[in-house]
Amino acid sequence: PACSARLSAASVAQFLTSQTLQKTTGHSHGIASRQARTLSSTSPRLTVSKMSVEAAKALAGAAAVNNHVTAATKVVGVGSGSTIVYAVQRLAERVREEGLQVRCIPTSFQARQLIMQHGLVLGDLEIDTRIDVTIDGCDEADKDLTLIKGGGGCQTQEKIVAAYSDTFIVIADYRKDSVKLGQAWKYVPIEVIPMAYRQVMARLEEQMGGKGELRMAKAKAGPVVTDNGNLIVDWYWDQAREMNWVEVNTTIQCMAGVVETGLFVGMADKAYFGQEDGSVVDRDRT
């Protein structure tokens, strides 16, 4: 089948690891910023102009694991979302093939399930106080690697794990790579204490403009409830206003009732973006 067709997670992972990706070792410091790496076209059916979004995600996930997990890596933070699935698959393969001794710190219920399903060792922040590297996805990244996260409602745990990691690596497909925030994602997820959600929405609109909306669940009646038992307010900011995201993040965090924002400012060290043409573009934080 043509490569532009949607590939299953299993077929993408098998293809990437067994046929196309050439394993790289060592740390990312030897990789030039924004350098593109193109997959070899050893299979005729993969010599095409565009890859599926899932294939692009798998490329980014495998590149991050190949470049930032070494024999010296002991603790890995595992992010949440659809792209992290491919990073965990690649990590599990390397653990089996190379005998790596790593413990994995989850950022959500989903991440915990992924770790256990792939036979990896589950770690805990109470025991593993130092994390070597965390790999996680994003909803959008701008040119400075300021991120919006929280589309899956896990931004609080994700930010905690990322903040206490020596290195924070972001993986995404080409759709998430923007010059400025708002080109691909229109709102900032904010985790709030249930009793304060109306007050937080009102304060957001009063101080910051835009509009706050309580995120409603799709498969249950009522709102989305986070792993922490809280609610999510999605703040649709005024796209016409120029935003200083450091100030915006601080202002929102200081509102009573706010647990955490989905703005990750100055946190990501490097990002890998899987491209439609089968390459991976990486970018360092400026």
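Which residues are buried in H3? Keep that in mind as you open the structure, which is a predicted model.

**The whole chain**

Begin with everything on show. The chain holds 7 helices and 15 strands. Buried residues account for 52% of its 286 residues. Its accessible surface is about 13,000 Å², and 52% of that surface belongs to carbon and sulfur atoms. Now think about how the chain meets itself: among contacts with a separation of 6 or more, 77% are between residues 24 or more positions apart.

**Stop 1: helix H3**

Select residues 84-98, which form helix H3. This helix has 15 residues and reaches 21 Å from its first C-alpha to its last, close to the 21 Å expected at 1.5 Å a residue. Here is the reply to the opening question: the buried residues in H3 are Ile84, Tyr86, Ala87, Val88, Gln89, Arg90, Leu91, Ala92, Glu93 and Arg94. Next, click on Gly99, which follows H3 and has a positive phi, near 70°.

**Stop 2: Thr107**

Move along to Thr107, in the loop between strand E3 (103-106) and helix H4 (109-117). Is this residue buried or exposed? Thr107 counts as buried because its relative accessibility is 1%, and the cut-off for buried is under 20%.

Show the side chain and look for its polar partners. A polar atom of the Thr107 side chain lies 2.9 Å from the backbone oxygen of Val78. The side chain of Thr107 also makes a polar contact of 2.7 Å with the side chain of Ser80. Leaving aside residues up to four places away in sequence, Thr107 touches Val78, Gly79, Ser80, Cys154, Gln157, Glu158 and Val161.

**Stop 3: Leu145**

Select Leu145, in the loop between strand E6 (140-141) and strand E7 (147-148). Most residues other than glycine have a negative phi. Leu145 has a positive phi, near 65°. Leu145 is also buried, with a relative accessible area of 0%.

While you are here, add Lys143 and Asp144. These two form a salt bridge, with their closest N and O atoms 3.3 Å apart. Asp144 is partly exposed, at 32% relative accessible area, and Lys143 is partly exposed too, at 45%.

**Stop 4: more salt bridges**

Side chains of opposite charge can pair when their charged atoms come close. How many salt bridges does the structure hold? There are 17.

To see one of them, select Asp166 and Arg130, whose closest N and O atoms are 2.6 Å apart. This pair links distant parts of the chain: Asp166 is in strand E8, while Arg130 is in the loop between strand E4 (121-122) and strand E5 (131-136), 36 residues apart. Asp166 is partly exposed, at 43% relative accessibility. Add Asp132 to your selection, and you have a network of salt bridges linking Arg130, Asp132 and Asp166.

For another pair, choose Asp177 and Arg283, where the closest N and O atoms of the salt bridge are 3.0 Å apart. Asp177 sits in the loop between E8 and strand E9 (188-192) and Arg283 in strand E15 (residues 279-284), so this pair ties together parts that are 106 residues apart in sequence. Compare the two ends: Asp177 is partly exposed at 24% relative accessibility, whereas Arg283 is buried at 5%.

**Stop 5: Asp234**

Now go to Asp234, in strand E11 (residues 231-236). Asp234 is buried, with a relative accessible area of 6%. Which side chain makes a polar contact with the side chain of Asp234? Turn on the side chain of Arg215, and you will find that contact at 2.8 Å. To see the surroundings, select the residues that Asp234 touches, not counting those up to four places away in sequence: Tyr187, Val188, Pro189, Lys211, Gly212, Glu213 and Arg215.

**Stop 6: out to the surface**

Finish by switching on the surface view. Select Leu125, Ile160 and Tyr164, which make a nonpolar surface patch of about 280 Å². Then pick out Tyr164, in the loop between helix H5 (155-163) and strand E8 (165-173). Tyr164 counts as exposed because its relative accessibility is 56%, and exposed means over 50%.

How values were computed: Residues numbered from 1 in each chain as written. Predicted model: local features only at pLDDT ≥ 70, side-chain atom pairs only at ≥ 80, totals over all residues. Heavy atoms only, no water. Patch = residues over 30% accessible without salt bridge, like charges linked within 9 Å, V, L, I, M, F, W, Y side chains within 5 Å. Areas by Shrake-Rupley, 256 points an atom, 1.4 Å probe, with all protein chains shown as cover. Salt bridge = Lys/Arg side-chain N within 4 Å of Asp/Glu carboxyl O. Helix = DSSP H or I, 4+ residues; strand = E, 2+ residues; numbered from the N terminus. Buried < 20%, exposed > 50% of the residue type's maximum accessible area, 1.4 Å probe, protein only. Contact = heavy atoms within 4.5 Å. Expected span 1.5 Å × (residues − 1). Polar contact = N/O pair within 3.5 Å; in protein donor to acceptor, adjacent residues only side chain to side chain.
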